[in-house]
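Me: I am new to this structure and would like to understand the terms used for it. Could you take me through them with care?

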Amino acid sequence: MPFLQLALDTQLETLAAEQVVPALLDQGFSYVDHFLGDIAGHMVLGQVKRMHCCGLLNDGQLAGRSSGVSRRNIRGDKITWVNGTERGTEAVNFLLTLIDKLISLCVGQLGKSIRARSKAMVACYPGNGAGYVKHVDNPNADGRCVTCIYYLNKNWNAKEHGGLLRIFPEGKSYVADIEPLFDRLLLFWSDRRNPHEVQPSYATRYAITVWYFDSEERAEAKRKFRDLTATSQEGSPS
Ligand SMILES: Cc1cc(NC(=O)CCC(=O)O)nc(C)c1Br
Ligand SMILES: [Fe+3]
């Protein structure tokens, strides 16, 4: 195996074993700074900025009716979904392969079987005071096990720009305020252990999110969904 590849794998192994796994097991979340390094980090930022100014980022969907309430107060991000094979997303693909490797190095020690993930969601908060209200990513066992967010914001200053991700770890007496700093990777359990919110952002705030599925929970969720749609079809007049 080429030397650089070996060095990279060893570094990720150490990161998984010494930092990410212990923090996930102990606090339920973990963040890694300088995940890609400056050069690769800037390449990802450049590709995300290009998506933004080419108008590829659209208003985040709102679950249920957003009758009357200004969407900015609930969810003000603009998003697009990429799988990393699209033209102009090569650097995003590199990021995803590294996160995939990191997760695969963690699963053994986490006692989880994670074999799949979502596409990558590229999000931008435009800096108009928009945020994201407090919520749980996976409140009803839809299969999502770990949320991974890669932040891309140079010289972010929360006092001036807001935009903190505030996690309210279940059953803990403290909250965790995470600054969305450039080249920072945040991982946390997607379920009710980690309600979180994005505080109002007053500067453009970019992030890339992927969700990793727990195989058993995902299979169970799909089975339930199949039954649900089957019964609903039975109900409707043939
Ligand atoms: C689409 C979607 C996005 C998010 N994003 C955040 O929580 C913001 C995290 C951050 O940018 O720091 N969460 C859910 C449950 C859904 Br669904
Ligand atoms: Fe979320």
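Reply: A donor is an N, O or S atom within 2.8 Å of the metal (3.2 Å for Na, K and Ca), and sites may look incomplete because water is not among the atoms. The model is predicted, so local features need pLDDT of at least 70 and side-chain atom pairs pLDDT 80 or more, whereas totals for chains, interfaces and linings use all residues. Residues are numbered from 1 along each chain as its sequence is written, chains are lettered from A and ligands numbered from 1 in the order in which they are written, and side-chain values use heavy atoms, with hydrogens and water left out.

Me: What makes H135, D137 and H196 donor residues of the iron ion (ligand 2)?

Reply: H135 (NE2), D137 (OD) and H196 (NE2) coordinate the iron ion (ligand 2) at 2.1 to 2.2 Å, and the limit that applies to iron is 2.8 Å, so these atoms count as donors. Along the sequence the donor residues are spaced H-x1-D-x58-H. H135 lies in strand β6 (residues 132-135) and H196 in strand β11 (residues 196-198), so the pair ties together parts that are 61 residues apart in sequence; strands here are DSSP runs of E with at least two residues, and helices are runs of H or I with at least four, numbered from the N terminus.

Me: Why is H196 called buried?

Reply: H196 has a relative accessible area of 4%, and buried means under 20%, exposed over 50% and partly exposed in between (1.4 Å probe, protein chains only), so H196 is buried.

Me: Why is the pair of W81 and W211 called tilted?

Reply: Rings of Phe, Tyr and Trp (its six-membered ring) pair if their centres lie within 6.5 Å, with planes under 30 degrees apart counting as stacked, over 60 as edge-to-face and the rest as tilted. By this rule the count comes to 1 aromatic pair. The centres of W81 and W211 are 6.1 Å apart and their planes differ by 40 degrees, so the pair is tilted. W81 belongs to strand β3 (residues 78-82) and W211 to strand β12 (residues 205-214), 130 residues apart. W81 is partly exposed at 39% relative accessibility, while W211 is buried at 9%.

Me: How do you know that the charged end of R144 sits over the ring of W211?

Reply: A charge sits over a ring if NZ of Lys or CZ of Arg is within 6 Å of the ring centre and within 35 degrees of the ring normal. The charged end of R144 is 5.1 Å from the centre of the W211 ring, and R218 lies over the face of F213, at 4.1 Å from the ring centre.
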